[in-house]
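Here's a quick briefing on a few spots worth a look before you set anything up. Have the structure open as you read.

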Amino acid sequence: MLPTAGEQFDLGRLAVERAWVAKYLEAVADSSPIYTQLNAAPPMALAAHVLGSLIEKLSLPPGTIHATQELECMSMITLGQEVSCTATLSRPLQRGEWSFVAAQFTVVGQGGEALLAGKSTVMVPHSVAQNG
């Protein structure tokens, strides 16, 4: 069963470490030196972490598809920085065999300053969303 619309999830804290960023860059085959030169994390690395944490927290089933991603970067996220992530879910929309669920998320720094915000939409197979 899908969670209630408006439900907020604490997705925890993350220490943005060099090894974690290197693993992400390797996974996406990004060999650009820009992130190393800037001592920064790619915004999509944090978005991927948020989506992965949310899928795990919601126990979304196999067959769930990541459909869309929107990002707004307010500040550069640097290596060694600790961030916290939260997400709020929309009301699921039913279309044919699928339920579409969107999550608005925010990544904030230790001082509460917004660093990254976005929206991820996933498609959950209808039979699973109905029968959970």
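Leaving out residues up to four places away in sequence, D10 touches K57, C85 and T86. This is a predicted model, so take the distances below as computed from predicted coordinates. The notes that follow cover D10, then the salt bridge between R13 and E82, helix α1 and T121.

**Around D10**
- D10 sits in strand β1, and with a relative accessible area of 53% it is exposed.
- Its side chain reaches the backbone nitrogen of G12 at 2.8 Å.
- Going by C-alpha atoms, D10 is 9.0 Å from L54, although 44 residues separate the two in sequence.

**The salt bridge**
- How many salt bridges are there? The count comes to 1.
- R13 and E82 form a salt bridge, and their closest N and O atoms are 2.4 Å apart.
- R13 belongs to strand β1 (residues 8-15) and E82 to strand β5 (residues 82-89), so the pair ties together parts that lie 69 residues apart in sequence.
- The two ends have their own exposure labels: R13 counts as exposed at 53% relative accessibility, while E82 is partly exposed, with a relative accessible area of 27%.

**Helix α1 and its two faces**
- Which residues of α1 (residues 18-27) are buried? They are V21, Y24 and L25.
- These three cover an arc of only 100° around the axis, which puts them on the same side of α1.
- The general rule behind this is simple: an α-helix has 3.6 residues a turn, so residues three or four places apart point the same way.
- What do the buried residues of α1 pack against? Their partners are α2 (34-38), β2 (40-41) and α3 (43-58).
- On the face turned away from the buried side, you'll find the exposed residues A19, K23, E26 and A27.
- After α1 comes A29, which has a positive phi, near 55°.

**Around T121**
- T121 is in strand β8 (residues 114-125).
- Is T121 buried or exposed? It's buried, with a relative accessible area of 11%, and the cut-off for buried is under 20%.
- A polar contact of 3.1 Å links the side chain of T121 to that of T68.
- Again skipping residues up to four places away in sequence, T121 touches I65, H66, A67 and T68, along with F100, V101 and A102.

Notes:
Residues numbered from 1 in each chain as written. Predicted model: local features only at pLDDT ≥ 70, side-chain atom pairs only at ≥ 80, totals over all residues. Heavy atoms only, no water. Buried < 20%, exposed > 50% of the residue type's maximum accessible area, 1.4 Å probe, protein only. Helix = DSSP H or I, 4+ residues; strand = E, 2+ residues; numbered from the N terminus. Arc of directions from axis to C-beta. Contact = heavy atoms within 4.5 Å. Salt bridge = Lys/Arg side-chain N within 4 Å of Asp/Glu carboxyl O. Polar contact = N/O pair within 3.5 Å; in protein donor to acceptor, adjacent residues only side chain to side chain.
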